[in-house]
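Colleague: Could you take a close look at one part of this model for me, the helix packing and the surface beside it? I'd like one connected walk-through.

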Amino acid sequence: MELLFEVFGEFLLQVVVEALLQGGMHTLAAPFQKQSSPWRAGTAYLVFGAVVGGISVWVLPNYLMSNPQWRVFNAACTPVAAGLCIAALGAWRARRGQAVLRIDKFAYGYLFALAYLGAFITYRVALAMGAG
């Protein structure tokens with residue numbers, strides 16, 4: 001039961017944070033409808049995900065998963081699952097006639113979640129080694 005909570009909790013945390021940020025990006029992007037390069041947008045989502053992942057270390061200083069093997073499983077599966085959830089949310093927005101931004105596509109949601117998780121793990125390892 002505890003393992004299920006750890007896996008689901010970690011996944012849910014990333015999806016909720018990404019969904020909240022997606023809503024915020026829709027609000028902030030309304031005045032700026034000019035399309036930029038996909039490479040520039042991808043890089044921006046990587047940087048933004050890394051920043052949010054770094055900030056999340058201070059909000060949630062301990063791993064939700066106590067088992068290191070499940071952390072590896074989480075690192076492999078959660079960005080894909082988060083990207084799929086965000087893509088599904090983007091498809092839902094499109095069906096309702098709402099504006100669809102790049103973050104509503106799988107690749108950009110995946111990049112954000114991957115950078116978020118990568119930064120979180122990197123900062124956690126640095127803190128564990130006494131660098132923080």
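**A surface patch and the helix packing**

Modeller: Sure, and keep in mind that this is a predicted model. Let's start on the surface: Val47, Val51, Ile55 and Val59 make up a nonpolar patch there, and together they have about 380 Å² of accessible area. Ile55 belongs to helix H2, which covers residues 38-59.

From H2 we can go on to H4. The axes of H2 and H4 come within 7 Å, crossing at roughly 35°, and H2 passes H4 in a right-handed crossing. Sorted by type, the residues of that contact are 17 nonpolar, five polar and one charged.

Now for the other partner of H4. Helix H3 (residues 68-95) packs with H4 (residues 106-128) at an angle of about 145°, and their axes are 8 Å apart. Here too the crossing is right-handed, with H3 passing H4. On the H3 side, the residues that meet H4 include Asn74, Pro79, Val80, Gly83 and Leu84; on the H4 side, Phe106, Gly109, Tyr110, Leu114 and Ile121 are among them. The contact of H3 with H4 has 12 nonpolar residues, three polar and no charged ones.

Conventions. Residues are numbered from 1 along each chain as its sequence is written. This is a predicted model: local features need pLDDT of at least 70, side-chain atom pairs count only at pLDDT 80 or more; totals for chains, interfaces and linings use all residues. Side-chain values use heavy atoms; hydrogens and water are left out. Axes are lines fitted to C-alpha atoms, for helices over the stretch in contact, and angles run from 0 to 180 degrees between N-to-C directions. Helices (H or I, at least four residues) and strands (E, at least two) are DSSP runs, numbered from the N terminus. A crossing is left-handed if the near helix is turned anticlockwise from the far one by less than a right angle, and right-handed if clockwise. Contact means heavy atoms within 4.5 Å. Ala, Val, Leu, Ile, Met, Phe, Trp, Tyr, Cys and Pro count as nonpolar, Asp, Glu, Lys and Arg as charged, and the others, Gly among them, as polar. Patches are made of residues with over 30% relative accessible area and no salt bridge: like charges are joined within 9 Å, nonpolar side chains (Val, Leu, Ile, Met, Phe, Trp, Tyr) within 5 Å. Accessible areas come from the Shrake-Rupley method with a 1.4 Å probe; for residues, only the protein chains shown count as cover. A salt bridge is a side-chain nitrogen of Lys or Arg within 4 Å of a carboxyl oxygen of Asp or Glu.
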